[in-house]
Amino acid sequence: MTDMPRSGASGSGKRRDAFFDNAKYLAIVLVAIGHFWEPIKGDSRFMEAAYTVVYAFHMPAFIIVSGFFSRSFDMRPDRLRRLVTGVAVPYIVFETAYPLFKRVVDSDPQQEISLLDPWYLTWFLCALFVWRLTTPIWRAVRHPLPLALGLAMLASVSPQIGDDLDLQRVLQFLPYFVLGLCMRPEHFHLVRRRSVRILSVPVFVSALALAWWAEPRMTTGWLYHRDSAQELGAPWWAGPVMVLVLFGCSLLLTACFFAWVPGRHMWFTALGAGTLYGYLLHGFVVKAGDYQGWFEPSVLREPVGVAAVTVCAAVLVTFLCSRPVQRVFRFAMEPRMEWAFQRDAAGPAREREQGEKWTKQEAGGTRESREGREAQEQVSA
């Protein structure tokens with residue numbers, strides 16, 4: 001969610017690809033809708049099925065894009081600094097803010113604050129920090145994706161991992177990040193063809209029907225990737241099987257989702273730069289609703305109520321991704337913290353060199369190579 005520079009051309013000549021900003025915005029809308037659906041789905045089998053389908057691909061889509069834009073991460077000082085200010089600091093701030101919010105709004109003064117136990121939405125920041133730090137390893141090994149899948153399968157049968165740093169999620173979602181590291185721009189172009197877009201319709205309908213059939217037969221806990229098979233009350237061998245099955249299903253639905261993401265500049269494209277804001281801030285509204293009983297009225301479980309909640313969730317997260325909100329909360333999401341780091345003497349020269357290289361290549365390159373470079377240049381690490 002924090003993997004690209006701001007919209008438009010930057011000072012060094014870098015550009016954003018509208019497709020990825022559109023994908024990030026649409027995915028964060030689905031994330032918010034899923035969180036608002038959770039307290040109102042009740043015993044509705046259809047709502048549970050829709051919830052399952054959305055949860056099967058919205059976070060994998062985010063994580064794949066995060067991996068794609070982490071491909072050039074190394075231990076260079078400027079990239080480590082951005083990792084700290086753009087991922088570690090927001091984790092610390094919101095890992096503290098959410099428990100404090102519960103203390104005040106839910107009148108629960110005993111709620112503990114712990115940086116080792118990610119609270120609600122902050123698990124993603126913790127996972128992204130770990131994944132990105134290990135990027136050089138995944139870029140160096142010969143078969144990174146099978147290795148990542150093997151680790152995820154082992155984690156699914158290891159309840160002794162515990163809850164510290166939400167390592168179950170870190171390891172079970174790891175294959176999606178590693179897949180993003182292995183992808184190239186042309187892979188995204190493959191799923192954006194008209195034929196794939198047409199085929200995605202029956203795929204989504206079939207997925208919804210399958211989820212409706214599976215609802216009384218399978219716990220949605222598998223979709224969260226936060227527990228081992230034993231903790232979900234399943235035999236140990238179900239863990240590795242479900243890791244592979246869900247990986248395949250999630251990739252199929254993610255490809256169908258990408259097929260429908262517009263590649264051109266849309267009214268919401270600029271909002272893709274603020275998805276971290278929408279992600280972390282909308283959780284306070286969801287939690288406030290839980291604490292204050294906003295989701296208890298039965299009318300919210302009727303079709304009209306569900307539609308209203310869905311629209312409100314989309315509007316809310318859209319507002320939270322906007323520039324005014326970014327300006328207000330930038331101190332917590334993207335602090336400069338120049339006082340905390342040594343000055344990178346090579347930074348200005350490196351930026352000039354990158355800008356000159358981009359300009360020279362843009363003037364003489366082919367259309368295909370330009371598209372590849374534009375995507376590559378958006379890596380911020």
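This is a short talk on the helices, a surface patch, a cavity and a pocket in one structure. Please keep in mind that the model is predicted.

I'll start with what the record says. UniProt, in an unreviewed entry, lists residues 20-37, 49-70, 82-101, 113-133, 196-214, 234-260, 267-284 and 304-321 under "transmembrane region". I looked at two of those stretches in the model. Residues 20-37 are 100% helix and 0% strand, with 25 Å between the C-alpha atoms at the two ends. For residues 196-214, the chain is again 100% helix and 0% strand, and there the end C-alpha atoms lie 26 Å apart.

Now the surface. Which residues form a nonpolar patch there? They are F46, L210, W212 and W213, and together they have about 480 Å² of accessible area. Helix α10, residues 194-214, gives the largest share of this patch, with three residues. L210 is in that helix. Keep the helix in mind when you look at the record, since UniProt's list of transmembrane regions includes 196-214.

Next, the inside. How many cavities of 30 Å³ or more does a search of the whole structure find? The search finds one. The largest cavity holds about 30 Å³ of space. Its lining consists of L149, Q172, P175, Y176, H225, V243 and F247. Two elements, α8 (174-182) and α12 (238-259), give two or more residues each to that lining. By class, five of the lining residues are nonpolar, two are polar and none is charged.

Last, the second largest pocket. This pocket has about 610 Å³ of space. It is lined by 26 residues, and those closest to its centre are Y120, L121, W123, R169 and R226. Several helices contribute to the lining: α1 (18-37), α2 (45-68), α11 (221-224) and α13 (275-292) each supply at least two residues.

What classes of residue make up the lining of this pocket? There are 15 nonpolar, two polar and nine charged residues. Set that beside the cavity, where the lining has no charged residues.

To go over it once more: the patch is made of F46, L210, W212 and W213, the cavity lining includes H225 and F247, and the second largest pocket has nine charged residues in its lining. That is the end of the talk.

Definitions and conventions. Residues numbered from 1 in each chain as written. Predicted model: local features only at pLDDT ≥ 70, side-chain atom pairs only at ≥ 80, totals over all residues. Heavy atoms only, no water. Patch = residues over 30% accessible without salt bridge, like charges linked within 9 Å, V, L, I, M, F, W, Y side chains within 5 Å. Areas by Shrake-Rupley, 256 points an atom, 1.4 Å probe, with all protein chains shown as cover. Salt bridge = Lys/Arg side-chain N within 4 Å of Asp/Glu carboxyl O. Helix = DSSP H or I, 4+ residues; strand = E, 2+ residues; numbered from the N terminus. 1 Å grid on protein atoms, 1.4 Å probe; cavity = no way out; pocket = protein on both sides within 12 Å on 5 of 7 lines; lining within 4 Å. Points joined across faces, edges and corners; volume = space filled by probe spheres on them. Nonpolar A, V, L, I, M, F, W, Y, C, P; charged D, E, K, R; others polar. UniProt positions renumbered as here; feature names shortened; annotations may be inferred.
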